[in-house]
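Thanks, everyone. Let me put the model on the screen, and then we'll walk through it piece by piece.

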Amino acid sequence: MEQGLYKSRTEILEFFNSHGLIVAKEALDVILANNTGPMINRLITKEVLETGFLTVKDIRDLMNLPPASNDRDFEIYLPDLRVRSSAEDFRGYFLSRYQKIKKILLASSSMRGTVDISSLKKPGFESREVKIVGMVTESGITKNGHKRLLVEDLDDSIEVILMKNKKSFDEIILEDEVIGVVGGLSAKGDRRTIFANEIIRPDIPFRVIDDEKQDPVYVASLSDIHVGSKTFRKPDFTNMIGWLKSSDNDSSRIKYLVLSGDVVDGIGVYPGQDSDLEILDPMEQYGRLSEFVNQVPEDIKVFLMPGNHDIVRLAEPQPILPSELKKLFNKNVYFLPNPYNLVLEGKNVLLYHGMSLNDMVELIPGMNFSTIGKALEELLRRRHLAPKYGGKTPLIPANNDYHVIETVPDVFITGHVHSHALGNYKGVRYVNSSTWQSQTEYQRMMNFSPNPSMLTMFDLKSRSTIIKDFKT
Ligand SMILES: [Fe+2]
């Protein structure tokens, strides 16, 4: 069995049985829930082999998962994050991306009858409509002004032409995207070309959100606090914390609070940052942050995720903040990796700091930081948080592509660009979560005005959303 394919209950059981091991039911559930695929071999330690039994505690210990506890209604998995990447890791990474998105595409009725590219090259070919799923490895314009793509699946590749007089020509297709192509196959000698009629995206299925007739339970979102910067908007942030502590009708219904990255300004993030800093030592910056966060009422669970200014490595997926920082914060504060799909009250809340939004603004014509909601929709359509590999988004290729949006989110939260954009795409409520930092010198140079000091609340029991503006 190849690594990374340990998906089904039976396969996992067979794998352990082949090593003479019995797996506890709870242990199996944890393996499945935590997407353990590539790490599974590491679970077979000398100790486990000696006892012949794999317990849930063995798995939690070996995978560094926090202990299960009854007061928790969510799970935090830690991704398999290796720092060095070989050619094999790249292969595994793109394979994982391809397979996950292909699975989503094949679930759509418009992709029924999809074939492998190699089957189009077999002798006895007849000109007809074909459907394929592949990753775009090249994209350009022909001398006649049509779009030309090279699309690859696991064994083969094919040229796809989007004629300029057809609707599919208007599709914005990024390299490394996995798409479905429906079109007419043509042959000239050995050469095969698909003339695309339609490009199919994995996309989000339309859903009607049912309002549950229940009292609201809010997840509140704020991002890019940048504590330590001279431009941190301390009075606004202090007011917001005061409001969270108050008996206000809305604030008292907040059960979860998400801080989606750049919680401090860090150091050495960009040249000359020192002169923009009020607190130079990042540990002191986190200390100052904790003075605010520890005032949040203890019945609110606070989730803290890193961004590009935080002191973990820049490349995504970013691991959780170092455990020594944990002691600065109260017990209701939980560290998350970036990106992360958090399940709260049975709803999927997808959190991503948002570094790839810089790439999306560059790659999608007409996009800018003030229309960033559209960029979030483009990510959802592609079911991927960083569709173009590389660019301004450093990614660590592992055997699992954590940026694929495998589960349709109910709420999608991002930050990073310091805009505020609230929207709804096919039933997915989304936000770019503002900032608590005033315009920086760099942003002034780029002629960008942030929209700071906003907190956004999503009711997990209905469609309602509330924005609280703390700008003074
Ligand atoms: Fe930021």
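Start with two helices. The axes of helix 8, residues 356-363, and helix 9, residues 372-382, come within 10 Å. They cross at roughly 100°. That falls in the 65 to 115 degree window, so helix 8 and helix 9 count as roughly perpendicular to each other. Who makes the contact? From helix 8, it is L357, M360 and V361. From helix 9, it is I372, A375, E378 and L379. By class, that contact has 6 nonpolar residues, no polar ones and 1 charged.

One caveat before going on. This is a predicted model. Please keep that in mind throughout.

Now step back to the whole chain. We have 10 helices and 18 strands. The radius of gyration is 24 Å. The globule rule gives 23 Å for 472 residues, which is close, so the chain is as compact as a globular protein of that length. For setting up a box in your head: the C-alpha atoms fill roughly 75 × 65 × 50 Å along the principal axes.

How is the chain divided into domains? The domain assignment gives domain 1 as 9-62, domain 2 as 109-200 and domain 3 as 218-469. Taken over C-alpha atoms, the centres of domain 1 and domain 3 are separated by 35 Å.

Next, the barrel. 5 strands close up in the order 3-4-5-7-6, with mixed pairing. From one strand to the next, the twist averages 55°.

Let's go around some of the pairs. Strand 3, residues 129-141, runs antiparallel to strand 6, residues 178-188, and 7 bridges connect them. In that pair, V130 has G183 of strand 6 as its bridge partner. Then there is a helix on the sheet. Helix 5, residues 87-106, packs there and touches strand 3, strand 6 and strand 7, the last being 191-200. The direction of helix 5 makes about 90° with that of strand 6.

Strand 6 and strand 7 are also antiparallel, joined by 9 bridges. K188 is bridged to R191 in strand 7. These two strands form a hairpin, with 2 residues between them. G189 sits in the turn and has a positive phi of about 60°.

Where does the parallel sense come in? Strand 5, residues 157-162, pairs that way with strand 7, over 3 bridges. I161 finds its bridge partner in F195 of strand 7.

On to the other sheet. This one is open, with 5 strands in the order 12-13-14-16-15, and its pairing is mixed. Which strands sit at the edges? Strand 12 and strand 15, the latter at 420-425, each pairing on one side only. The twist here averages 20° from one strand to the next.

Look at strand 14, residues 411-414, and strand 16, residues 428-433. They run parallel and are joined by 4 bridges. V411 stands opposite R429 of strand 16. And helix 9 comes back here. Helix 9 packs on this sheet, touching strand 14, strand 15 and strand 16. Its direction makes about 130° with that of strand 16. So helix 9 has contacts on two fronts: with helix 8, and with the sheet.

Strand 15 and strand 16 run antiparallel, with 6 bridges joining them. G423 has Y430 of strand 16 as its bridge partner. This hairpin has 2 residues between the strands, and K426 takes a positive phi near 50°.

Last topic: backbone geometry. Most residues other than glycine have a negative phi, and most peptide bonds are trans. Here are some exceptions.

H226 is not a glycine, yet its phi is positive, near 60°. H226 lies in the loop between strand 8, 218-222, and helix 6, 234-245.

Then the cis bonds. The bond from E316 to P317 is cis, with omega near 0°. P317 lies in the loop between strand 10, 301-305, and strand 11, 333-335. Another cis peptide bond joins N338 and P339, with omega about 0°. Where is P339? In the loop between strand 11 and strand 12, the latter at 340-344. And strand 12 is one of the edge strands of the open sheet.

That's my tour. Over to you.

Notes: Residues are numbered from 1 along each chain as its sequence is written. This is a predicted model: local features need pLDDT of at least 70, side-chain atom pairs count only at pLDDT 80 or more; totals for chains, interfaces and linings use all residues. Axes are lines fitted to C-alpha atoms, for helices over the stretch in contact, and angles run from 0 to 180 degrees between N-to-C directions. Angles under 35 degrees count as roughly parallel, over 145 as roughly antiparallel, 65 to 115 as roughly perpendicular and the rest as oblique. Two residues are in contact if their C-beta atoms, placed from the backbone, lie within 7 Å. Ala, Val, Leu, Ile, Met, Phe, Trp, Tyr, Cys and Pro count as nonpolar, Asp, Glu, Lys and Arg as charged, and the others, Gly among them, as polar. Domain bounds come from an automatic or database domain assignment. Two strands pair if DSSP finds at least two bridges between them. The radius of gyration is taken over C-alpha atoms; the globule rule is 2.2 Å times the number of residues to the power 0.38.
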